[in-house]
Amino acid sequence: MASSTGLSLKFSPLSTSFKQNKVLLRGICNVNSVSLPSRGMRLGSLRLRVSCAAKPETVDKVCSIVRKQLALPKDSPVTGESKFSALGADSLDTVEIVMGLEEEFGISVEEESAQHILTVQDAADLIEKLVEQKSA
Amino acid sequence: MAAAPTRIDVLQLYRSLMRVARQFCDYNIREYTKRRTIDAFRDNKILTNCSQLSAAFSDGKAQLEVAKRRALVYSLYAPKVKSIMDIKPS
């Protein structure tokens, strides 16, 4: 159901008439709003989750650990997109942060994966993946 | 003398030392190992001389071996009473 509405959405911009566009879109929007909440909890959310980022709680925990490690003040901007190097962390700090995250979440990060962690979001995504693997 | 250690080697040594530190049962030794590695690596961060770098790196590797042996032996004779710092407030 969700995939068919996706396909029909792609076809609508091809039609030249503006009024037709509006009618088509409205019709499709109605179908979307009905179908996604009922089935989207399983199909839609599963499909979205693959590309979606980590949970906000995980990102918050990562941010608090980063703040504690780098001794940043509480109101400094640390978001998912902040790079560790931009926050004033050198490579030694990054290793310490990854150690802290390992202890906090009870996971074990590989050497190669740890070297590719550059932003808070990378760390949160890796944590989510490892926690899933551990519980699976 | 071996060639100068690469950045990746140094970071791997750092990570291994921190991991070994976690294996100690005694709170004091664990914290000391962590503190000592952090201090030593930060002090030597500014080294640029090749021979000094390799000397520091081999020193670190020797310390890692010592720490691994000690962690193993300490775990065989772990005290039953844990340090107060390890007990989380209930």
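Analyst: Let's start with a term: a salt bridge is a side-chain nitrogen of Lys or Arg within 4 Å of a carboxyl oxygen of Asp or Glu. This is a predicted model, where local features need pLDDT of at least 70 and side-chain atom pairs count only at pLDDT 80 or more, while totals for chains, interfaces and linings use all residues. Residues are numbered from 1 along each chain as its sequence is written, chains are lettered from A and ligands numbered from 1 in the order in which they are written, and side-chain values use heavy atoms, leaving out hydrogens and water.

User: What makes Asp90(A) and Lys45(B) a salt bridge?

Analyst: Their closest N and O atoms sit 2.5 Å apart. That is within the 4 Å limit, so the pair gets the name. Between chain B and chain A, the count is seven salt bridges.

User: Which helices of chain B each supply at least two residues of the side that touches chain A?

Analyst: They are α1 (7-23) and α2 (27-43) of chain B. Helices here are DSSP runs of H or I with at least four residues, strands are E runs of at least two, and both are numbered from the N terminus. The largest share of that side, nine residues, comes from α1(B). By type, it divides into six nonpolar, one polar and seven charged residues. Nonpolar means Ala, Val, Leu, Ile, Met, Phe, Trp, Tyr, Cys and Pro; charged means Asp, Glu, Lys and Arg; the others, Gly among them, are polar.

User: How many residues of each chain are in contact with the other chain?

Analyst: 14 residues of chain B are in contact with 15 residues of chain A, where contact means heavy atoms within 4.5 Å. About 1400 Å² is buried between the two chains, with carbon and sulfur atoms giving 53% of it. That figure is the accessible area (1.4 Å probe) that two parts lose on being put together, summed over both.

User: Why is Glu96(A) called buried or exposed?

Analyst: Its relative accessibility is 9%. Buried means under 20% relative accessible area, exposed over 50%, and partly exposed in between (1.4 Å probe, protein chains only). Since 9% is under 20%, Glu96(A) counts as buried. This residue lies in helix α4 of chain A. Leaving aside residues up to four places away in sequence, Glu96(A) touches Gln69(A), Tyr14(B), Met18(B), Ile38(B) and Arg42(B).

User: What makes the link between the side chains of Glu96(A) and Tyr14(B) a polar contact?

Analyst: A polar contact needs a pair of N or O atoms within 3.5 Å; within protein, one must be able to donate a hydrogen and the other to accept it, and residues adjacent in sequence count only if both atoms are side-chain atoms. The two side chains are joined at 2.5 Å, so the distance fits.

User: Why is Ala71(A) called buried or exposed?

Analyst: It comes out at 64% relative accessibility, and that is over 50%, so Ala71(A) counts as exposed. You'll find Ala71(A) in the loop between α3 (56-70) and α4 (91-105) of chain A.

User: What phi does Ala71(A) have?

Analyst: Ala71(A) has a positive phi of about 55 degrees, although it is not a glycine. Most residues other than glycine have a negative phi.

User: How many helices and strands are in each chain?

Analyst: Chain A has six helices and zero strands, while chain B has three helices and zero strands. Buried residues make up 35% of the 136 residues in chain A and 23% of the 90 in chain B.
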